Amino acid sequence: MASSGLALRIVTGPRQGTVVSIAEGSSIVGRSPDCAIVVADPSLSRRHFELRAQDDTCWLIDLESRNGVLVNGAGVLRKRVRAGDEICAGDVVFRIEIERLTPREMYPDTAPMLEATAPAPPAGSLPAVLRAGLPHQPSSKLYALVDGAKAFELAFAARLMGHAVYTLFSGQLAPVTAHVGPLLVAVGEPSAFLKRWTDGIGGNAGVLFESTADLESLYAHLRGIFVVDDDEGNEYFFRFYDPRVIRVFLPTCTAGELAEFFGPVTRWIVEGEGGAPGYAVYTLAGQQLNRTDIAAAVAPAG
């Protein structure tokens with residue numbers, strides 16, 4: 001059975017430290033041997049609670065247990081849970097965690113057909129100043145998050161250049177919604193892709209960013225800030241990869257929110273306001289958000 005992308009860690013009690021993948025569909029937790037997740041603790045009912053996971057959502061349902069269920073200290077009968085939530089059932093404490101996901105690659109069988117390299121752009125042009133602003137540290141890699149609903153052809157062109165492309169959707173949603181959602185492009189070294197990217201400035205096609213993290217850790221982080229909850233516990237997709245959204249969002253964040261949002265990302269590179277030929281580069285210096293603007297000295301080359 002497919003994984004939901006979440007896992008259940010047993011924090012206290014028998015099997016302490018065990019981490020169990022939460023499968024898509026129904027998983028019963030209790031002390032009965034026929035449960036999907038068995039914890040032989042007398043304070044648990046034979047079938048204590050159910051975890052019902054489907055399409056990036058996981059619900060906890062108390063199965064009329066003897067000692068009840070607490071989520072983050074509050075008694076519940078039914079509640080949607082997410083990574084970080086602590087569950088107390090009887091004397092046993094569990095925690096929901098993000099499982100280490102394998103990114104789902106799009107178009108793996110598509111052979112490269114476009115040239116991946118490009119000649120050096122004219123000095124002062126937008127591609128030139130953007131390339132000059134990228135780091136030269138071997139450990140730092142360049143990525144793009146493309147809004148498939150706005151610029152699907154840009155992500156597909158990246159694949160035709162030989163760059164790997166991944167969808168941030170998982171589970172049953174992935175095959176039918178990937179082309180309209182955020183598509184992660186592993187750009188790597190500056191390439192012909194950047195020329196296409198700068199040619200499309202003003203179209204709010206997505207954002208660039210840099211990271212030194214491995215792909216799986218980076219993917220899990222992006223998924224974590226893409227699928228979020230509001231104060232009422234309703235789940236929605238946060239379109240942070242729209243330049244108009246991230247430019248407004250970042251300056252409003254607290255220090256803790258900035259640290260959570262950046263995570264393994266070292267720099268966000270976002271097109272400037274009003275379609276001007278330039279980019280805003282956001283970084284963290286300690287707890288302080290910094291913005292540096294880079295712009296073309298002359299009109300971008302056609």
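Start by selecting A213: at 17% relative accessibility it counts as buried, because the cut-off for that label is under 20%. Keep in mind as you click around that this is a predicted model. A213 sits in the loop between β16 (206-211) and α5. Leaving aside residues up to four places away in sequence, A213 touches Y143, L218 and P264. Now add P264 to the selection and put a distance label on the two C-alpha atoms: A213 and P264 are 51 residues apart in sequence, yet 6.0 Å apart in space.

**Next stop: α7**

Step back along the chain from P264 to G263, which comes just after α7 and takes a positive phi of about 50 degrees. Then select α7 itself, residues 255-262. Which of its residues are buried? They are L258, F261 and F262. Look down the helix axis and you'll see them on the same side of α7, because they cover an arc of only 90 degrees around that axis.

What do these buried residues pack against? Show α5 (215-226), α6 (243-249), β19 (265-271), β20 (278-285) and β21 (288-295), and you have the packing partners. For the orientation, turn on the cartoon: α7 lies across β19, β20 and β21, and runs at about 110 degrees to β20.

**The sheet beneath your cursor**

Those strands belong to an open sheet of 8 strands, so colour it in the order β12-β14-β15-β13-β16-β19-β20-β21; the pairing is antiparallel. At the edges you find β12 (104-106) and β21, each pairing on one side only. On average, neighbouring strands here are turned by 30 degrees against each other, direction ignored.

Zoom in on β19 and β20, which pair in the antiparallel sense over 4 bridges. To check one residue pair, pick E271: its bridge partner in β20 is Y279.

**Ring hunting**

Now show the aromatic side chains. A search of the whole structure finds 18 aromatic pairs. One of them is F152 with F156, a stacked pair at 6.2 Å centre to centre and 15 degrees between the planes. Both residues are in helix α2 (residues 148-160), and being 4 residues apart they are separated by about one helical turn. An α-helix has 3.6 residues a turn, so residues three or four places apart point the same way. F152 counts as partly exposed at 29% relative accessibility, and F156 counts as partly exposed at 29% too.

For another geometry, go to F226 and Y241: this pair is tilted, with 6.2 Å centre to centre and 55 degrees between the planes. F226 is in helix α5 and Y241 in the loop between β18 (235-237) and α6, so the pair ties together parts that are 15 residues apart in sequence. Buried or exposed? F226 is buried, with a relative accessible area of 1%, and Y241 is buried as well, at 3%.

Keep those two rings on screen and extend the selection. Ring pairs link them into a cluster with Y143, F169, F209, F237, F238, F240, F249, F261 and W268. You've met two of these names already: Y143 is among the residues that A213 touches, and F261 is one of the buried residues of α7.

**Zoom out**

Finish with the whole chain, which has 7 helices and 21 strands. Of its 302 residues, 49% count as buried. For the surface view, the accessible surface comes to about 14000 Å², with 53% of it belonging to carbon and sulfur atoms. And if you draw a contact map, take the contacts between residues at least 6 apart in sequence: 58% of them join residues at least 24 apart.

Notes: Residues are numbered from 1 along each chain as its sequence is written. This is a predicted model: local features need pLDDT of at least 70, side-chain atom pairs count only at pLDDT 80 or more; totals for chains, interfaces and linings use all residues. Side-chain values use heavy atoms; hydrogens and water are left out. Buried means under 20% relative accessible area, exposed over 50%, partly exposed in between (1.4 Å probe, protein chains only). Helices (H or I, at least four residues) and strands (E, at least two) are DSSP runs, numbered from the N terminus. The arc is that of the directions from the helix axis to the C-beta atoms. Contact means heavy atoms within 4.5 Å. Two strands pair if DSSP finds at least two bridges between them. Axes are lines fitted to C-alpha atoms, for helices over the stretch in contact, and angles run from 0 to 180 degrees between N-to-C directions. Accessible areas come from the Shrake-Rupley method with a 1.4 Å probe; for residues, only the protein chains shown count as cover. Rings of Phe, Tyr and Trp (its six-membered ring) pair if their centres lie within 6.5 Å; planes under 30 degrees apart count as stacked, over 60 as edge-to-face and the rest as tilted.
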